[in-house]
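Q: Please give a close account of the metal site in this model. I should also like to know how its surroundings relate to the rest of the chain.

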Amino acid sequence: MVIGIDIDDTLTDSKIEIINAWKDYYRLYDLGTYTDKVPSNINTGWNDKYIRQFWDLYRTEIASRVKLKENAAEALYKLKLNGHVIKIVTARPEDQRLVTLRCLKSQLLTYDELVLQARYKGKTCLEHGVELHIDDTQMNLDDIASYGIKTLLFKENDNWNDVYKKILNISRNSK
Ligand SMILES: [Mg+2]
């Protein structure tokens, strides 16, 4: 099975880095009505100038610092041993390729392809032959499911050991 997996807050703990970066952003810039709390549309508000500017200023630093969640590297390694194809599918822009490759490699993550610039994940997953996609953002999963692709929500406290088992079950049941 071709499995698509999101990076931020699915494979990695990005939230903590984003919280710290947003505090810094709030301290240094006039953000209109925003406070020092990360806005809820931080990952989807592409049309908001403050959110766009935040990512322009901080995304490279965040992308280079994020740490893999516990058992994520092991889970992907085992999925590969089981014959699955792993495509990392992220909205990170193309200019983040090098920093993303470096960060994932330094933490020994096993995968087949890195797909960037996936702001509309349904279309991107379809184009890359993804059969099951795992993501922490329900809006992405709704878009992906509308293309007839299977989805799995990665919840905040999920553990990659359990998610690995869920993926195996989905794969068995789809044969
Ligand atoms: Mg995410």
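A: In this predicted model, the magnesium ion is coordinated by Asp 6 (OD), Asp 8 (O) and Asp 136 (OD), at 2.1 to 2.2 Å. Along the sequence these donors follow the spacing D-x1-D-x127-D. Asp 8 sits in the loop between strand S1 (2-5) and strand S2 (12-13), while Asp 136 belongs to the loop between strand S6 (132-135) and helix H6 (138-145), so the pair ties together parts that are 128 residues apart in sequence. With a relative accessibility of 24%, Asp 136 counts as partly exposed, because buried would require a value under 20%.

The strands S1 and S6 that flank these loops also appear in the largest nonpolar core. That core holds 25 residues, and Leu 11, Ile 134, Trp 160 and Ile 167 touch the most other members. Two or more residues come from each of S1, helix H3 (72-81), strand S4 (85-89), S6 and helix H7 (160-173). Trp 160 has contacts beyond four places in sequence that include Ile 5, Leu 11, Ala 72, Leu 76, Ile 134, Phe 154 and Ile 167. Polar and charged residues are among its partners too, including Thr 10, Lys 69, Glu 70 and Asn 71. Apart from this core lies another, of 14 residues, among them Ala 21, Leu 31, Ile 51 and Val 66.

Val 66 leads back to the metal site. This residue lies in the loop between helix H2 (49-65) and strand S3 (67-68). Val 66 is buried, its relative accessible area being 1%. Leaving aside neighbours within four places in sequence, Val 66 is in contact with the metal donor Asp 8, and also with Thr 12, Asp 13, Ser 14, Glu 17, Arg 92, Cys 103 and Gln 107. By contrast, Val 66 and Tyr 26, 40 residues apart in sequence, are 21 Å apart in space, C-alpha to C-alpha.

The wider setting is given by the domain assignment, which divides the chain into domain 1 (2-13 + 67-173) and domain 2 (15-65). Their C-alpha centres lie 23 Å apart, and the contact takes twelve residues from domain 1 and ten residues from domain 2. Between them the domains bury about 1100 Å², 53% of it on carbon and sulfur atoms. One salt bridge is counted between domain 1 and domain 2. Glu 156 forms a salt bridge with Lys 15, with the closest N and O atoms 3.3 Å apart.

Notes
Residues numbered from 1 in each chain as written. Predicted model: local features only at pLDDT ≥ 70, side-chain atom pairs only at ≥ 80, totals over all residues. Heavy atoms only, no water. Donors = N, O, S within 2.8 Å, 3.2 Å for Na, K, Ca; no water. Helix = DSSP H or I, 4+ residues; strand = E, 2+ residues; numbered from the N terminus. Buried < 20%, exposed > 50% of the residue type's maximum accessible area, 1.4 Å probe, protein only. Core = buried A, V, L, I, M, F, W, Y, C linked by side-chain atoms within 4.5 Å. Contact = heavy atoms within 4.5 Å. Domains from an automatic or database assignment. Buried area = accessible area lost by both parts, 1.4 Å probe. Salt bridge = Lys/Arg side-chain N within 4 Å of Asp/Glu carboxyl O.
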